[in-house]
Amino acid sequence: MNLMNLIYAFGLLLFAFVLQTSITGINRKVIARLQRRRGPRWFQQFIDIFKALSKSSTSHGWIFDFGVVMALGGIMATAMFIPIGPLQALPGLDNIFIIAYVLAVGMLGMAMSASGSGNPWASIGVSRALTNMLAYDIPFMVVIFGLIFAYDTSSLSGFAAIQQEGGILGWNIIRFPLGGLVAMISLQGMLGKKPFDSFIAPAEIASGPMVEYGGRHLGMLFLLHEFQTFVEVSLIVHIFFGGGATVLEYVVKYALIYTFMNIVSNILPRFKIDQAVTFFYKVPLALAMIQSLLIIVTGLGVA
Amino acid sequence: MSFDLLILMMFAGAFLAYLISKSNSEAGGISTVVISLISLVLLLLGKSQVGNEFAILYMTFKVTTIGWYFSAVMILVYSMTSFFNSYWMKQMLYPNAYNFLYLFSLAGTVGLFFAADLVTLFIFWEMVVWSSTFIVPLGKSRRAAVVYYTISSIGSMATLYAIMLLHAKSGTFIISEAFAWLATDPTMATIVFFIFILAGLTKIGIFPFHIWLPLAHGSAPHTFSPVLSGGLVKMGAFIAYMSVGVLPAYQAFSGSLKIMGMPIQIYLLMVLGAISIVLGTLMAIKQDDAKKLIAYSSVANGGYILIGILMMDQLSCAGSLMHLFNHAIASAAAFLTIAVVAHRTGTTKISELGGMIHRMPVTFTVYLISIISLAGIPPMGGFVSKWLIIQGLADKGLLFMALAAFFGSIGSFLYVFRPLAAVFLGQLAPKNYELEGATLMMKIPMVILSALIIFFGVFPRYILEVIGEIQSSIGITPIQLEGNAIQAINGLLNSYHVFVIFGFGFLISLAIFMLLQKSRKVGLMDTFTSAEFIHTPELYHYSHDFYAPFERLYKNHPSVENFLVNIANKFDELGQMVNALFFSHKPSITVFWITVVTAIIYLGGARI
């Protein structure tokens, strides 16, 4: 690894930002059409982020600032590990567990900053967000575990390469439909979309962790949210939808999956936090265990 | 210095500390620092002595890499914690006894790790158990010491029985010969394996022997909890390692029934490890006492260590041996920060604290670093070891163990965050406005431990090289390293690169933050309050029942404690009945016995 890798990674990071922010903007329009509104312009999300970054803000002490910087730094580092189609700035670092846990640095930073504000709404939101994480991550990890056993690789590019050999029928979502379903449900939890969005519940706990932020802090959290979404959707594209042989293929898959999740989110109500836990441990976890046992014991679906 | 002199010096040091404490207890506290630090330096310099054999009286010793590694972990934890000793002398009932036992138990562990025969092993084991038993009640509760001793003696007696059985069958006490003999006899190997490893299970705190950890860790003196959790618990890992690595378990069990590719004997113990992970995590989430919380997290981490050691393979075993070091330093550091808080505020209850970061920023930073490692998040050491264990499990396809490992791993985010949010962050109560932070003497060990946590997280190879030697010594493929990268069969981890990228991301983020408009600093009470007027900071702090919705889901869980208490009550009732029937002065009982005897004579008199 040398300086060129870092510059390359930074370039991909910018690309990821433009990609995800545009898709968020387009999705605001899609949702608006679902609700029979006209919706904002597609680049409204950029305007919102830069406007927030340019405004004045208040700070509740050094940990409040440090947490935001650590959170955005951690998530941007994670985003740099992600290959975009065939483009990969940091080969050898796209191990799925590394990505899953570096992502946690960002989350921890944000949780710390939110609690550091001294506002109990923020702490309640964080407590819900962590409980949510305990619910959605475990079925997802169990499915990934089965796949690692099947293919003896744990890198995103490795998964993508194996699937690309078999065309559409080689995609893991076709080979392991149960696991794919679980991963999609978990993705909904990771993205914090309905029905798993009780931790930001604006009317109930005043947006939870986000309650005290404004100005540059809020702008940085918007950025963080875009990168986090990019990482999470990319995980699914690489592991279950064959990644992308070209950048265009990757972007199309990415946009379709994100839009699909967003539409699903907008027609569902919200789970209470304990309902979300019970749901994840009853249905997706059971499916994930069945899928992984099928892989480990019978080898069903493994090429 | 050769290690026989080192062990003797440590025992002499214990007596010296006792004599110094007699005249001045705080000087005695300082003497524990000096003696344990000297021992640490001598041990680290003596790495080249691996392979030497020596004897003290009739006790024989052999310097092995694994013994050296465990001793290094143990002395490191002891020496770092000893910096705190002198501050607690006033609160101790018997300060001189504390200092003596502190060093005596340390010397005992080092002797244990180098023991070459089973009798020596047992003698030193008992030394440690007894000396630590007398330290625990110097804290809050005597009951904790009773439970600790009872559970420990289950292990001790089992070990003693296994040793005698092994000697009767194989005719030798020498560890390597006696264990090698077992490879030929699978039935005897199974029996000895289970009895011998029992001592390890009790010490690590594996379900159902976990009950002593929260009690003893929670109520031991604040300066001894780090040692219990970071150090003494690892003795159990050593016994577990001997039962699987030195005792050729996989060779002996090659003919047994296999479950998911594992011999049933090993798999059963792995299940216990998995239960410990889940149970430790769930219990830690609901604790209100910060020390008990970390104690339950030790139960969970003990589960990881046990599972990894039982695998005895290239990845998981290396991960496990590394994890015990990572957990030792991280949990010692976390306990030390709680000790600082307890020293200044007099409580370890999470719900009574808050906002400590504003009074003790260094302590907060140390706690933050230690929990990042405990939760297994990069770039700290805990991540590397958990990653190795999970990659090893994925290689073998041990799904149920992996399920527990994932649960423990994500669950640890929940429980380590709770003290962070409720003790260190949030509102600072007005009574604590003038609170002082850690003293310089307290900061030294905390900063050293944090530096080690980060260093071995970024450069894990310095530990993994030693672990590779250990693996080669018992004939398994050593962990494969290429520079800073760990090359597993099913994955690659270069933690140095991860660290660099993380640093790069952080710098970009910092640049964005610094370039933008400066923010206005406001107080903690200047927050969004839903238009309520709130003037009491303590009430505006979320710390009670932090995970209430989640805790509700398992509030009616079954508990081993209740089961054991019921058994104890039944036993007590039985005793009372015997007492009432045979040792009573009541006339009614006398009349009862006369009636019974007369009836027997009357009915069966002819035959008597």
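Start by selecting strands β5 and β6 of chain B: β5(B) and β6(B) make a hairpin with two residues between them, and in its turn B:G483 has a positive phi of about 65°. Keep in mind throughout that the model is predicted.

**Stop 1: the sheet in chain B**

With the hairpin on screen, look at how the strands pair. β5(B) and β6(B) are antiparallel, paired over two bridges. Find B:E482 and look across to β6(B), where B:A485 stands opposite.

Next add residues 491–494 of chain B, which are strand β7. β6(B) and β7(B) also form a hairpin, again with two residues between the strands. Strand β6, residues 485–488 of chain B, pairs with β7(B) over four bridges in the antiparallel sense. Select B:A485 once more; its bridge partner in β7(B) is B:N494.

Now show the three strands together. They form an open sheet in the order β5-β6-β7, with antiparallel pairing. Which strands stand at the edges? They are β5 (481–482) and β7 (491–494) of chain B; each has a single partner strand, so one side of each is left without a neighbour in the sheet.

Turn on the side chains of β6(B). In a regular strand the side chains alternate between the two faces of the sheet. Along β6(B), B:I486 and B:A488 point to one face and are buried, whereas B:A485 and B:Q487 point to the other face and are not buried.

**Stop 2: another hairpin**

Select residues 53–56 and 59–62 of chain B, strands β1 and β2, which pair in the antiparallel sense over four bridges. B:E53 has B:K62 as its bridge partner in β2(B). The hairpin of β1(B) and β2(B) has two residues between the strands, and B:L57 takes a positive phi near 55°.

**Stop 3: helices α1 and α4 of chain B**

Two packed helices are described by the angle between their axes and the distance between the axes. Select residues 3–23 and 95–114 of chain B, helices α1 and α4; they pack at an angle of about 175°, with their axes 7 Å apart. An angle over 145 degrees counts as roughly antiparallel, which makes α1(B) roughly antiparallel to α4(B). Residues to colour in α1(B) include B:F3, B:I7, B:M10 and B:F11, and those they meet in α4(B) include B:F100, B:L103 and B:F104. By class, the contact of α1(B) with α4(B) has 15 nonpolar, five polar and one charged residues.

**Stop 4: helices α12, α13 and α14 of chain B**

Select residues 264–286 and 290–311 of chain B. These are helices α12 and α13, whose axes come within 8 Å and cross at roughly 160°. That makes α12(B) roughly antiparallel to α13(B). The crossing of α12(B) past α13(B) is left-handed. Among the residues in contact are B:I266, B:L269 and B:M270 of α12(B), and B:L306, B:I307 and B:L310 of α13(B). The contact of α12(B) with α13(B) has 16 nonpolar, seven polar and no charged residues.

Keep α13(B) and add residues 316–345 of chain B, helix α14: the two pack at an angle of about 170°, with axes 8 Å apart. α13(B) and α14(B) are therefore roughly antiparallel to each other. Their contact includes B:I294 and B:I305 of α13(B), and B:L324 and B:F335 of α14(B). It has eleven nonpolar, nine polar and one charged residues.

Still in helix α13 of chain B, pick out B:A295. Is B:A295 buried or exposed? B:A295 counts as buried because it has 31 C-beta neighbours inside 10 Å. Leaving aside neighbours within four places in sequence, B:A295 is in contact with B:L213, B:P214, B:H217, B:G218 and B:S229. B:S229 is 66 residues away along the chain, yet the C-alpha atoms of B:A295 and B:S229 are separated by 6.9 Å.

**Stop 5: where chain A meets chain B**

Finally, show both chains. Their contact takes 70 residues from chain A and 63 residues from chain B. Which element gives the most to the side of chain A that touches chain B? It is α5(A), with 16 residues. The residues on that side of chain A divide into 40 nonpolar, 24 polar and six charged.

Strands also link the chains: β1(A) and strand β8 (residues 520–521) of chain B run parallel and are joined by two bridges. Select A:T58 to end the tour; B:R520 in β8(B) stands opposite.

Methods: Residues numbered from 1 in each chain as written. Chains lettered and ligands numbered in written order. Predicted model: local features only at pLDDT ≥ 70, side-chain atom pairs only at ≥ 80, totals over all residues. Axes fitted to C-alpha atoms, helices over the stretch in contact; angles between N-to-C directions. Parallel < 35°, antiparallel > 145°, perpendicular 65-115°, else oblique. Left-handed = near helix turned anticlockwise from the far one by under 90°. Contact = placed C-beta atoms within 7 Å. Nonpolar A, V, L, I, M, F, W, Y, C, P; charged D, E, K, R; others polar. Pairing = 2+ DSSP bridges. Buried ≥ 20, exposed ≤ 12 C-beta atoms within 10 Å, placed from the backbone.
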